[in-house]
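Q: Could you take me through a single chain of this one in some detail? I'd like to know what its parts touch, both inside the chain and across to a neighbour.

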Amino acid sequence: MNEDREQLKAALKELVIEECDKDVEPDEITDDEVLIGGPLDLDSLDALQICMAVQHKYGVRIEAGPQARKALRSINALSDTILEHRPG
Amino acid sequence: MREAWFIGADTHTVLGRSLADNIAALSTPPAPQQIELRFGGQTIVIPYLILADQPLEDIERRLYQVLYAVIGQALDEAAKSGMTAAQRRRMGLFLGTSSADVSVSEARFLRELETSPDATALIGSNSISNLARHLRHHFGLGGPDYSFNTACTASANALMSAVDMVSSGDLDHALVVGVELCNVITATGFQGLGLFASQTMQPFDQDRNGLILGEGCSALVISASAPKAEGQLGRFHLRGSANLCDTYSMSAANPDGSTVAAVMNQALARAGLEASQLGAIKTHGTASLHNDESEMAGMRQVFDTLPPVCALKPYIGHTLGACGLNELLLFCGAAQAGFLPGTPGIASPERADLGVSLNQSRLPLAPGHFMLNFFGFGGNNTSLILSNTE
Amino acid sequence: MWIRALGDYSDTVDTDELPALRQLVREALGAPVRRIGRFIQLALIGAGRCMGEQALPAQTAVYLGSGRGDLDVTLEVVNPLFREGLPPKPLSFVNTVSNATNFYIAKHFGLAGRSNFVCNRFFAFEAALELAMQDIRLGYTDSVLVGSVDLVTASLHQHRARLELPPEHPVAEGSHWLWLVGGAQPEDAVAEVQLVRQFDDLRALLGHLHALNLSSERSWLLPGNFVDAASIAEIQTTTGLTPVHLDAREPGYYDSRAGGAISAFLSQPDGDTLLHINRETDGERFCLMQVRRISRVS
């Protein structure tokens, strides 16, 4: 389970970098740094982009509003959301 | 600078097939239809304000049928106002649209994909300018054509350039066209941005929850010569205008209102008017919190006391690139008929959460000066001052 | 009106692997820009090369013309949508508005002036320049960054089909920019744009050219990519001007190739005046760009 979580977090960092077109390496993103408006300087459009990619890749739909704000607090929060709502 | 007269106009929206029908229907906003869109093995149902009496059928021809009727009517009125056939052949075409003929190329691509998985997208038409060329050939217009593609300000910007070319003497006549019809890219794109309301748009209202897409097509003929007889738009003319870029965000104006105030102030200055001289404001009013906040903050910076404020998107939906001309014709047509449209129950004094309420019912409106505002994705802000008095 | 700076990018594309532009954007602007596709990248490279280290006044307007617009981002949305039922990605969808390009340029240069995007199949660059000059004349602004962009999409086979070009016809992409100002002649002006005007037909254009009474040696009559040989021959007969023929196949076809004409003229020593002539192939209209070189004693 822990291994799963670590793998998922690594994959999510790749996803964020890819979807938001950031020029950083995955290990430069920490697990608990703020994603939107944090050191990566992501905005609400990045948030929408990440949510759509997560839905497509993991089948987890993140509703705009409070749920999205919570899920996109950090890589930790995003992986928790996916593990909690993942189908199957 | 010469006067630029509005000598022919027509519009087709959910409210009706003519400008007169549209004006008559400005009393209760219509409910959107739920329409089905099919693409790539998916079907989605979304709310849409579809053109009156123009079912979503025969999509590869529908756009042209709509445009031919609206432009034909505007040109007929212009001919009755005194525009000759020779003048028509030299008139310039100013097209403002977001999706142009995308509905047509989508339908063609879908049809071709049914028989061949190797079908190539964007084969039939792949330039916004192709629609302008099609219209020039259909109506025998030999003058220049310019297609403006600046998101939700496109047809407002087309009008600005058309009026400038007529009043500066470069052209004697101009045809301004705004068009936006239902298409899959626009619908799914806005849905992906999470911007759809579930029912009528409620800008500036505590219960705002986004926009409803609308279909619309409008045409306006502008002339350097005064019409023989007063037409549908009376003595209305563009007295001043401004367009400025706002680099705050791709998808929203600066919420502090500074960029919205700047474009309004520049339009007023170009019109030679003070804010206190305006008789009414037509808001952009997309009913997203971002837009409403920026727009309201901007208005407060420019106006000590606000004149009556109205919104037209509850009636026709957000017609995107065409909203500039659609809403201008609706506003001027209503003002010419002596009233400011109201939106009953939307942003009433009890429900407006940003401190400014919308006009609630038809309000008598004397000839005067009016401000119409439009803000688009990609940071494009336009403010127009229309007058039907000196 | 005065040209204070110019910058270009144009290149032949002869493989389905389209040139990577990210590094060129970084070089032209001194910083990377994220969330943009090749069309906006091309625009930023051209505009960045145009301005170099120079700053623009904050009220500078941005006028962009294109023959087709951003086909790349449109395809990025259309193909997944109609083939696999995947909705447009938000960052792609917002960039389908053509003025997204203006946004990124205005943001990079810190501009808050007017922003306009105009599409015209045959006079894309000329139309942008024409509208920009009108705005300067009417006092909207006295400084405009004017440009045109058209790009190649993959595959080349499909691109040629979209553009209705014969198989193997060379194709290219280009981004051409100039900084245009009004008012008195600035010290660093490199050229004066004397006129950009459309004419209803060849006769009207000939009337204008004839009245100019230009000397054949001092003028560069440059046919645009859409003008036909018969019209050029008639211009030659009527005015005595000799056309300069750049290799029409270099660097390859793109709609707004006229955007590179002014640079091509200024980068070689001959001639005081450029007369660039283009026409629409499905109509009678002609377009003239008339530019005077400003020579400096070195």
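A: Here is a walk through chain C, starting inside the chain and then moving out to chain B. Keep in mind that this is a predicted model.

Chain C splits into domain 1, covering 2-181, and domain 2, covering 191-293. Their C-alpha centres sit 24 Å apart, and where the two meet, 35 residues of domain 1 are in contact with 26 residues of domain 2. On the domain 1 side, the elements that each supply at least two residues are strand S1 (2-13), strand S2 (61-66), helix H6 (124-137), strand S4 (143-150) and strand S5 (171-181). S1(C) gives the most, with 8 residues. Sorted by class, that side of domain 1 has 17 nonpolar, 10 polar and 8 charged residues.

Now for the neighbour. Chain C has 53 residues in contact with 50 residues of chain B. Helix H3 (71-84), helix H4 (90-94), helix H5 (100-109), strand S3 (115-119), H6 and helix H7 (156-162) of chain C each put at least two residues into the side touching chain B. The largest share there, 10 residues, comes from H3(C). H6 of chain C turns up on the side facing domain 2 as well as on the side facing chain B. By class, the side of chain C that touches chain B comes to 26 nonpolar, 16 polar and 11 charged residues.

Strand pairing also links the two chains: S3(C) runs antiparallel to strand S5 (residues 145-148) of chain B, and 2 bridges join them. To find one of these on screen, look for Phe148(B), whose bridge partner in S3(C) is Val118(C).

Conventions: Residues numbered from 1 in each chain as written. Chains lettered and ligands numbered in written order. Predicted model: local features only at pLDDT ≥ 70, side-chain atom pairs only at ≥ 80, totals over all residues. Domains from an automatic or database assignment. Contact = placed C-beta atoms within 7 Å. Helix = DSSP H or I, 4+ residues; strand = E, 2+ residues; numbered from the N terminus. Nonpolar A, V, L, I, M, F, W, Y, C, P; charged D, E, K, R; others polar. Pairing = 2+ DSSP bridges.
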